Amino acid sequence: MNMNKHNTFKMPLSFVQFSDIHLGKSLVFPEPVVQQIKRNFTTALDELERLEADFLLVSGDAVNTGLADIEEYLEYISRISMPVYHIPSSHDLALGPLPDGSIILNDDPGFWEEKIGQARISFTCKGVRFIFFEPFRKISEKKGLNIFDADIAAWLSGELRKVSPQQPLVIGYHIPVLASGETFSGWQNAEEFFSLLQGYNVMTISGHRHRNDETMIRNIRQIQTGSLAGFQWNGLPPHYMFPVRPGYRIFQFHQSRWYSFFKEIGVKNQIVLEKINNIHTLGPRPQVRPAILSADAELLAKVYSEDAAPEIVEYSLDNKNWNRLEKKSDFLWSEWSGRIPYERFHEKFNVITIRAGFDNQLKVYDSVPVFVRTENEPPADMQSSPEMLFELITDASDQFFSQPEEVYSFPWIPLPCG
Ligand SMILES: [Fe+2]
């Protein structure tokens, strides 16, 4: 068994994205919840050091209440030996906590830049250009918004002039642009932002929603990354508000393509059925976007193992007959693909289950619900199908999940937005 894959695997260009750590104070969350966030952060930092990535990006909401937490945050990041870049946004820029659990909003990054570093960043790493910024603006005492205004558009245009159309480019911000058809939300003037990016070899990455997703907007890939706080930000189990366990994303640039994996912290073996017919299934579970099929199902699965890579990865529609997937690539995680013929789906509602087997007999599982669309039903807009919750009950031991010591239930409170 390869005892430490991380020491033997050298990645050409890789970086790690932490998002929405939410370290620090809250006037409403019980103290054990605040302590759990610290444990999440510490565990993630331990794992980060073993990854030997080129740099860490913290894509916003690093702290819970801005100015009031920044000294504590600095102590944590002083332990990191690789370069760290930040995209400060709503919680980072706050001037402190409010009694109702919200924050004193602010959009001046002055104190952040003094203590941590520039709020707008651009640099080149191993031939790839990176641009990180956030157009967050306070518009009232209680409301902030991303506004892609003339000032930020001029700055970004200047940055883009330094990039050739072929050069790989990654643009990071905290709040993602959400698209429904031709309508955008999350940002004002998002149309102008995407117009500027046309013709570039660009991928965008973000956080904020405490969820994972991947969409195409105007032919530009946008990856959303779940939070390092996970459901443990407010102590409620994943189903209620933030249906993703705490984790971070590892990016790898290989042969002119980006690959990424959302690693749950503290988990040694992890599997996810990430795409069906190139549509992201969200997740890891319980967050899910069920697939809607009218043809064969092309599966993309990803498997992470702290020790040896899995020997076999299989899928099943009935949990009795298992069919092998084919290994496509092997990084820190391995990627597997396969095709399920349409005629194998006998039911209107199906569950595709995948599993990976390891030397030591351990198996890990993931499942995604699938609806079969018949000829007389209207076509579905797959990217906008609703997010749902789905979790397979397995015999996996609790030790594979990073659990809070207790689940704290407390009365409904107004929560600060993502
Ligand atoms: Fe957040």
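**Burial, contacts and unusual backbone geometry in a predicted chain**

In this predicted model, buried residues account for 40% of the 418 residues in the chain.

User: What share of the contacts with a separation of 6 or more comes from residues 24 or more positions apart?

Analyst: The chain of this predicted model holds seven helices and 28 strands. Among the contacts in the chain with a separation of 6 or more, residues 24 or more positions apart contribute 70%.

User: Which loop holds Pro-284, and which peptide bond leading to Pro-286 is cis?

Analyst: Pro-284 follows Gly-283 through a cis peptide bond with omega near 15°, and Pro-284 sits in the loop between strand 18 (279–280) and strand 19 (287–288). Pro-286 is also placed in the loop between strand 18 and strand 19. The cis bond that leads to Pro-286, with omega near 15°, is the one from Arg-285.

User: Is Asp-20 buried or exposed?

Analyst: Asp-20 belongs to the loop between strand 1 (13–18) and helix 2 (31–51), and its phi is near 55°, a positive value in a residue other than glycine. A residue counts as buried when 20 or more other C-beta atoms lie within 10 Å of its own. Because Asp-20 has 28 other C-beta atoms within 10 Å, Asp-20 is buried.

User: How many C-beta neighbours does Asp-61 have inside 10 Å?

Analyst: Asp-61 is found in the loop between strand 2 (55–58) and helix 3 (70–77), with a positive phi near 55° although the residue is not glycine. Asp-61 counts as buried, and its number of C-beta neighbours inside 10 Å is 31.

Definitions and conventions. Residues numbered from 1 in each chain as written. Predicted model: local features only at pLDDT ≥ 70, side-chain atom pairs only at ≥ 80, totals over all residues. Helix = DSSP H or I, 4+ residues; strand = E, 2+ residues; numbered from the N terminus. Buried ≥ 20, exposed ≤ 12 C-beta atoms within 10 Å, placed from the backbone. Contact = placed C-beta atoms within 7 Å.
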